[in-house]
Protein chains: 2
Amino acid sequence: MVESEEGDEGLDRPLHDLVSYRLARVQAKLNAQATRILKENGGLTLVQWRVLLMLRRLGESSVGELARETQFDKALISRTVQSLVARGLVAHRDNEHDQRQQLLSTTAEGTAIFETAAPHMEARQKALRGAMSEEERSLLFDALDRLEAAADSRDPG
Amino acid sequence: MVESEEGDEGLDRPLHDLVSYRLARVQAKLNAQATRILKENGGLTLVQWRVLLMLRRLGESSVGELARETQFDKALISRTVQSLVARGLVAHRDNEHDQRQQLLSTTAEGTAIFETAAPHMEARQKALRGAMSEEERSLLFDALDRLEAAADSRDPG
DNA sequence: AGGTACTTGTTGACCCATCATCCGAACCAT
DNA sequence: ATGGTTCGGATGATGGGTCAACAAGTACCT
């Protein structure tokens, strides 16, 4: 049932020893921090921010493209784009080659809001990178890769 | 506007280089994995699982205690406990010393469901730990600590 | 006792996130 | 062209997660 030496391998460990728990905690905090920064500097939500960021990188793109690139659910992107259009931060025009999709782009106002938030988000990203050395970050990313792989396996046992 | 040497310090990096983004991705996957395992083995949600786990560790406890120990919001715990009571997995009795709180404990059925899920969750936890060496894990945890600290600072610039 | 402040838990509102489903458009067979 | 399949996107439902407001209980203080 369990390897002979470790009766409390999993569930009786203190929470701060559990990988998944620690990651969840840190991620929640990072998320909260980003959310707060965005709220205070332009009033974007995190997903709205990511969409604007991605539009800025890709130029005119469709909902599907944004979903793929941001790795967010297409339903989430669809709703977020609607909110951005409603706020006048994103414009859409028909794609004459495919009536199913609309091509999205940021408006001048969208760019303005983006640029309100951008320096703060850049500073944050820089601070996060600064919390580790190059070596550590590469090690961290490596470990994350392996965790991600472990999370993908269907039966972890 | 930006430090002289690094025009693309933050926002133009590919997403997989962004710490917050990577963590979010991995955490989402781990979460999805745990959610799936629990759904298929007893039908608990992740929060319900954590509550049952904590009750098993702490014995009879209040909503507030559970919130503190799991580090979840008390509102979330409150609602989760309600769902567990509705399903008959958790029992409550009045605390005669403090009329505000009820003391919660798992029922026999709650324990049974917990034990259905437990081996799978243990195996998962073990697999996650196994994805790294002791050294790497300690390094990872260290890095996470610093990220957490960075996330706590109010202005990251 | 009465007043005040703090604690405990519930509720409502809101956003994030995922899943299933549905619809119209597009593509592709025969 | 017509029928089937796939694709792009929208929508509804559900649960996670946070925050603010609130009611009731408790504690303290005089």
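Helices (H or I, at least four residues) and strands (E, at least two) are DSSP runs, numbered from the N terminus. The model is predicted: local features need pLDDT of at least 70, side-chain atom pairs count only at pLDDT 80 or more, and totals for chains, interfaces and linings use all residues. Residues are numbered from 1 along each chain as its sequence is written, chains are lettered from A and ligands numbered from 1 in the order in which they are written, and side-chain values use heavy atoms, with hydrogens and water left out.

**Exercise 1.** Determine where A:Q71 lies and describe its backbone and exposure.

*Solution.*
1. A:Q71 is placed in the loop between helix 3 (63-70) and helix 4 (74-86) of chain A.
2. The phi of A:Q71 is near 65 degrees, a positive value in a residue other than glycine.
3. A:Q71 counts as partly exposed because its relative accessibility is 46% (buried means under 20% relative accessible area, exposed over 50%, partly exposed in between; 1.4 Å probe, protein chains only).

**Exercise 2.** Carry out the corresponding analysis for B:Q71.

*Solution.*
1. In chain B, the loop between helix 3 (63-70) and helix 4 (74-86) contains B:Q71.
2. Although B:Q71 is not a glycine, its phi is positive, about 65 degrees.
3. With 46% relative accessibility, B:Q71 counts as partly exposed.

**Exercise 3.** Identify the relation between chain A and chain B.

*Solution.*
1. A turn of 180 degrees and a shift of 0.0 Å along the axis lay chain A on chain B with an RMSD of 0.0 Å (least-squares superposition on the C-alpha atoms of residues with pLDDT of at least 70 in both).
2. That is therefore the relation of a two-fold axis.
3. In chain A, the C-alpha nearest the axis belongs to A:L140, 2.9 Å from it.
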